[in-house]
Amino acid sequence: MIRVVKLTFKETHIDDFKSLFEARKERIKKTKGCIHLELWQDTKNPSIFYTFSIWNQSRDLEIYRMSTLFQDTWSTVKQWFSEKPEAFSADKLVGG
């Protein structure tokens with residue numbers, strides 16, 4: 001399962017978010033069922049980021065979202081948002 005989350009931050013918290021993601025990315029990658037994790041920054045608006053992750057199954061993502069790591073991270077970053085986050089989930093049908 002592929003998960004993309006669009007996060008829009010207040011300009012004053014862009015560096016805060018980058019630092020927090022850098023500090024926690026390895027722990028997220030080691031979460032059971034997480035196959036891949038990337039962070040993207042929008043080319044036109046530097047306040048917009050996308051997390052791109054691949055999970056073995058949707059249940060693995062749900063278990064991660066209930067974890068202390070996620071809850072602590074989310075409670076920190078949500079106060080930095082300038083817009084409501086958007087999440088998209090998809091199954092890969094054809095790959096390259």
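With which side chain does the side chain of T73 make a polar contact? The partner is the side chain of R24, at 2.6 Å. The model is predicted, and every value below is computed from it.

T73 sits in helix 3, which spans residues 68-77. A second polar reach of the T73 side chain goes to the backbone oxygen of L69, at 2.8 Å. Once neighbours within four places in sequence are set aside, T73 is in contact with L20 and R24. R24 thus appears both as a contact of T73 and as the side-chain partner in the polar contact. The relative accessibility of T73 is 14%, so T73 counts as buried. The cut-off for that class is under 20% relative accessible area.

The overall architecture comes next. The protein contains three helices and four strands. Read from the N terminus, the order of elements is β-α-β-β-α-α-β. The radius of gyration is 13 Å, and the globule rule gives 12 Å for 96 residues; the two values are close, so the protein is as compact as a globular protein of that length. Along the principal axes, the C-alpha atoms fill a box of roughly 35 × 30 × 20 Å.

Burial and surface were computed for the whole protein. Of the 96 residues, 36% are buried. The exposed area is about 6400 Å². Carbon and sulfur atoms supply 51% of that area. Among contacts with a separation of 6 or more, 66% join residues 24 or more positions apart. Charged side chains number 16 positive and 13 negative. The centres of these two sets lie 4 Å apart.

Helix 1 covers residues 14-29, and I14 belongs to it. I14 has a relative accessible area of 10%, and is therefore buried. Beyond residues up to four places away in sequence, I14 touches Q41, P46, S47 and F49. One of these, P46, is 32 residues from I14 along the chain. The C-alpha atoms of I14 and P46 are separated by 7.9 Å.

Helix 2 runs over residues 58-65 and includes D60. Is D60 buried or exposed? At 4% relative accessibility, D60 counts as buried. Its contacts, leaving aside neighbours within four places in sequence, are K32, G33 and W55. E62 also lies in helix 2. At 34% relative accessibility, however, E62 counts as partly exposed. D60 is buried, whereas E62 is partly exposed.

Two pairs involving F9 were examined. E62 and F9 are 53 residues apart along the chain, and their C-alpha atoms are separated by 24 Å. E83 and F9 are 74 residues apart in sequence, with a C-alpha to C-alpha distance of 7.1 Å. E83 is found in the loop between helix 3 and strand 4, the latter formed by residues 86-90. The relative accessible area of E83 is 45%, so E83 is partly exposed.

How values were computed
Residues are numbered from 1 along each chain as its sequence is written. This is a predicted model: local features need pLDDT of at least 70, side-chain atom pairs count only at pLDDT 80 or more; totals for chains, interfaces and linings use all residues. Side-chain values use heavy atoms; hydrogens and water are left out. Helices (H or I, at least four residues) and strands (E, at least two) are DSSP runs, numbered from the N terminus. Buried means under 20% relative accessible area, exposed over 50%, partly exposed in between (1.4 Å probe, protein chains only). A polar contact is a pair of N or O atoms within 3.5 Å; within protein, one must be able to donate a hydrogen and the other to accept it, and residues adjacent in sequence count only if both atoms are side-chain atoms. Contact means heavy atoms within 4.5 Å. The radius of gyration is taken over C-alpha atoms; the globule rule is 2.2 Å times the number of residues to the power 0.38. Accessible areas come from the Shrake-Rupley method with a 1.4 Å probe; for residues, only the protein chains shown count as cover. Lys and Arg count as positive and Asp and Glu as negative; His and the chain ends are not counted. The place of a charge is taken as NZ of Lys, CZ of Arg, CG of Asp or CD of Glu.
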